[in-house]
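Thanks for coming, everyone. I have one structure to walk through today, so please look at the screen.

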Amino acid sequence: MKVLLISASPRRAKSQTLALAQQVVQGLGPSARAEIVHLRDLKIDCCTHCEACHVASMRCPIKDDVTPLLEKMLAADGIILATPNYINQVTGSLKVLLDRSSHFIHCKRLLGKYLCGVVSSGSGTQDGLVLDYIRYYGRVCGAQYSGGVSACAYRLEAAFPEALNLGRKFARDIGTRRRYPAQLRLIEKGKAHFRTIMEMRKGHWKEEYAYWQTQGWL
Ligand SMILES: Cc1cc2nc3c(=O)[nH]c(=O)nc-3n(C[C@H](O)[C@H](O)[C@H](O)COP(=O)(O)O)c2cc1C
């Protein structure tokens, strides 16, 4: 199984969040092949809302590193989003990536995939808000959420066992194609909403509409 770890800390190897996420990776076990991507190493500009990715799927006119990364996300069975808590949100670099993936939301491109979240912060008090946002992002793209782990940076190691266990669960979820019925119901509800939007916008979002047709969702 392929797992993609997207690290959104600007501190690369010094990142506390990455240290926690590496415990999740360790928990995955030998059946997983994990790749780590540091957003800090990539050039990804802000979405300009030109809608080109909806008209012609995935073909963004901004020439930067986003498309290869979105392709890596599509090729993965599981995605770990690891981010420090920045004012109770993901970091700006991660938000920019998520904005650039809005075609994934329209076409539920993460269906069948699993997601988990890893957060660290200075206080360790409000990280649930960040994990909730990561879970929300996965859901609107069609991914099921295996769970999240968070820790105060000054007591990071106390969360290592939980992170290790999350990795084990993540690998099991992917390996057994676990179904979370409540999550799947919400994903279906989101699809029903977008079915209406696709019908309304079919003259404009041509390739996305064609994608929905090939999936048999219309
Ligand atoms: C711009 C910025 C905003 C931050 N906002 C918060 C915050 O709202 N709450 C908090 O507890 N820590 C906050 N922190 C602290 C970081 O979340 C914390 O140091 C984290 O462990 C850094 O992770 P990293 O080592 O992976 O980069 C913030 C740090 C920065 C640089």
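**A walk through the sheet, the core and the ligand shell**

Start with one pair of residues: Leu4 stands opposite Ile79, and Ile79 is in E3. Keep in mind that this is a predicted model.

That pair belongs to a longer match. Strand E1, residues 2-7, pairs with E3 in the parallel sense, over five bridges.

Now zoom out. What is the strand order of the open sheet? Five strands run E2-E1-E3-E4-E5, with parallel pairing. Look at the edges next. E2 and strand E5 (144-152) sit there, and each has a single partner strand, so one side of each is left without a neighbour in the sheet. From one strand to the next, the twist averages 15°.

On to the helix that packs on this sheet. H1 touches E1, E2, E3, E4 and E5. Its direction makes about 145° with that of E4.

Next, the core. The largest nonpolar core has 53 residues. Which of them touch the most other members? Ile6, Ala21, Val24, Ile80 and Ala82 do. In general, nonpolar side chains in soluble globular proteins tend to be buried together.

Take Val24 as the example. Leave aside its neighbours within four places in sequence. Val24 is then in contact with Ile80, Cys116, Val118, Val149, Ala163, Leu166, Gly167 and Phe170.

Now the ligand. It is surrounded by 16 residues. The closest are Ser9, Ser15, Thr17, Pro84 and Ser123. Two elements give two or more residues to that shell: helix H1 (16-28) and strand E4 (114-121). H1 gives the most, with three residues. So H1 comes up twice: it packs on the sheet, and it contributes to the shell around the ligand.

What is the make-up of the shell: how many nonpolar, polar and charged residues? Five are nonpolar, ten are polar and one is charged.

Last stop: two backbone oddities. Most residues other than glycine have a negative phi. Glu51 has a positive phi of about 75°, and it is not a glycine. Glu51 is in the loop between strand E2 (33-38) and helix H2 (52-55). Buried or partly exposed? Glu51 is partly exposed, with 15 other C-beta atoms within 10 Å.

Asn88 also is not a glycine, and its phi is positive, about 60°. Find Asn88 in the loop between strand E3 (78-84) and helix H4 (92-99). Asn88 is partly exposed too, because 13 other C-beta atoms lie within 10 Å.

Terms used
Residues are numbered from 1 along each chain as its sequence is written. This is a predicted model: local features need pLDDT of at least 70, side-chain atom pairs count only at pLDDT 80 or more; totals for chains, interfaces and linings use all residues. A residue is near a molecule or strand if its C-beta atom, placed from the backbone, lies within 6 Å of it. Helices (H or I, at least four residues) and strands (E, at least two) are DSSP runs, numbered from the N terminus. Ala, Val, Leu, Ile, Met, Phe, Trp, Tyr, Cys and Pro count as nonpolar, Asp, Glu, Lys and Arg as charged, and the others, Gly among them, as polar. A nonpolar core is a set of buried Ala, Val, Leu, Ile, Met, Phe, Trp, Tyr and Cys residues joined through C-beta atoms within 7 Å. A residue is buried if 20 or more other C-beta atoms lie within 10 Å of its own, exposed if 12 or fewer, and partly exposed in between; C-beta atoms are placed from the backbone. Two residues are in contact if their C-beta atoms, placed from the backbone, lie within 7 Å. Two strands pair if DSSP finds at least two bridges between them. Axes are lines fitted to C-alpha atoms, for helices over the stretch in contact, and angles run from 0 to 180 degrees between N-to-C directions.
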